[in-house]
Amino acid sequence: MYEKLDGDAYIRACKRLEKSAGWKYSTQQYLMNRLTELSALKKDVDAGRYEPQNGTSFHTVENGHERIITAMRPRDAVFQHALADEIMIPTLKKYLIHDSGASLKGKGIAFTRRRFEEHLRWHYRRYGTEGYILVIDFRKYFDNIRHDTALRLISEKIHDERVMKLIRKIFDSYRIDVSYSDDADIGDEVFDSLAYQRIPKSLKTGKRYIRKSIGIGSQISQIVGIFYPTRIDTYCKTIKGIHCYDVYMDDRVIIHPSKEYLKDLLKEIEDIAGKLGIFINHRKTQIVKLSHGFTWLKTRYILTTSGKIIRKIPRKSVTRERRTMKHMAKLAGNHEIEWDDLKEQYRSWRGDKKRYNAYYTLKNMDKLYKELMEMGRKGKNVKY
């Protein structure tokens, strides 16, 4: 298995880096000397000298949620692409359920939505609109993946010790300095990377670490995040024999005719999650009657008595986009950004909304967009 990390593997990884982050200055510098850099990387890995470097962490806001993203150095990004794409993903994906649709070739959010709607129709043909849906969300999922548990689960599938040694080095770079705390049980509590970033660096002296949390933004983190809760998925699909069960990263949705069954199942899932060290987010986890409508994967679903599936755009998404457009229009009016930036942003938001039953909502959004662009064309100040 280790032999898969040959020169061709690093070249393929370098091409993937160029495709995903070729716009970055640091990446462009690395790519200018790619053959020399790749040769040095391969020699270090083969000789056991490879050590991952700490990346640069930055805040980002995605759909109203603040996140910490760790941007890796090009050298580490190439290595993680090679390790994940050549060894980890081909090995671990065999143990995932078919309806796990995140970050895998041939799948994605469109695949998950399609499979979910197939399951919803399957349920309607047997039970009509009678039944309930359990929507599960994990609290600070990536922040609370335990290194020891993840490495044990991976080692059960990947038996090459040289590969596991490299994976352990990557996990070591994710360890959390908790020298600021005297709490003996801090490793068993919910870890929040956002709150951690606000702790002064002077208190992080390197005297004490917990080994949990993996950085969002790396190739390794993506496959580990998908594979980590496989025992929950296998338990529900294979042992419990649940047909209508869909997964997208740390989100899960289950359809069943019995509310009591779903209540008991949630307790069983929480027990397995507890053994993995991850936590159910009870504020977002809920059991909803199918006929009342529900939201999943940023889509508001309504199942009618005739079996038709109506897809609505969640109100929060529309409100957020209106605010974004107005804010960008003000920036463009002040010559801080280009009007084309607003055009591209709205086209991006509008592009995946064709599948929704939202004629009047989209008509009103198009009207606002045209008004803003017309103000820009005439050189008027945006007064919204």
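Biologist: Leaving aside its neighbours within four places in sequence, which residues is D250 in contact with?

Modeller: This is a predicted model, and in it D250 touches I136, D137, F138 and Y141, once neighbours within four places in sequence are set aside. D250 itself is found in the loop between β6 (245-248) and β7 (251-256).

Biologist: Is D250 buried or exposed, and how far away is the nearest side chain of opposite charge?

Modeller: D250 is buried, yet it has no salt bridge. The nearest side chain of opposite charge belongs to R252, 6.4 Å away. A salt bridge here requires a side-chain nitrogen of Lys or Arg within 4 Å of a carboxyl oxygen of Asp or Glu.

Biologist: How many salt bridges does that rule give?

Modeller: The count comes to 30 salt bridges. One of them joins the side chains of K237 and D99, at 3.6 Å from N to O. This pair links distant parts of the chain, with the two positions 138 residues apart: K237 is in helix α10 (residues 230-239), while D99 is in the loop between α4 (74-92) and α5 (109-127).

Biologist: How should I read the cover around K237 and D99?

Modeller: Read each residue separately. K237 has a relative accessible area of 23%, so it is partly exposed. D99 is at 3%, so it counts as buried. The cut-off for buried is under 20%.

Biologist: What is the N to O distance in the salt bridge of R162 and D160?

Modeller: The side chains of R162 and D160 meet at 3.6 Å, N to O. R162 counts as partly exposed because its relative accessibility is 44%, and D160 counts as buried because its value is 13%. Another salt bridge joins R168 and E161, at 2.7 Å from N to O. R168 is partly exposed, with a relative accessible area of 32%.

Biologist: Which residues are linked in a network of salt bridges?

Modeller: R12, R16, D85 and E86 are linked in such a network.

Biologist: Let us return to the helix that holds K237. Which residues of α10 are buried?

Modeller: A general idea comes first. An α-helix has 3.6 residues a turn, so residues three or four places apart point the same way. In α10 the buried residues are T230, I232, D233, Y235 and C236.

Biologist: What do the buried residues of α10 pack against?

Modeller: They pack against two helices and three strands, named here in turn: α9 (219-227) and α11 (259-276), then β3 (132-139), β6 and β7. The strands β6 and β7 are the ones on either side of the loop that holds D250. After α10 comes G241, whose phi is positive, near 65°.

Biologist: How many helices and strands are there in the protein chain?

Modeller: The protein chain has 14 helices and 12 strands. Its radius of gyration is 23 Å, close to the 21 Å that the globule rule gives for 384 residues, so the chain is as compact as a globular protein of that length. Its C-alpha atoms fill a box of roughly 65 × 60 × 45 Å along the principal axes.

Biologist: What share of the residues counts as buried?

Modeller: Of the 384 residues, 46% count as buried. The accessible surface comes to about 20700 Å², and 49% of that belongs to carbon and sulfur atoms. As for contacts, of those between residues at least 6 apart in sequence, 72% join residues at least 24 apart.

Biologist: How many positive and negative side chains does the protein chain have?

Modeller: There are 76 positive and 50 negative side chains, and the centres of the two sets lie 6 Å apart.

Key:
Residues numbered from 1 in each chain as written. Predicted model: local features only at pLDDT ≥ 70, side-chain atom pairs only at ≥ 80, totals over all residues. Heavy atoms only, no water. Helix = DSSP H or I, 4+ residues; strand = E, 2+ residues; numbered from the N terminus. Rg over C-alpha atoms; globule rule 2.2 N^0.38 Å. Buried < 20%, exposed > 50% of the residue type's maximum accessible area, 1.4 Å probe, protein only. Contact = heavy atoms within 4.5 Å. Areas by Shrake-Rupley, 256 points an atom, 1.4 Å probe, with all protein chains shown as cover. Lys, Arg positive; Asp, Glu negative; His and termini not counted. Charge placed at Lys NZ, Arg CZ, Asp CG, Glu CD.
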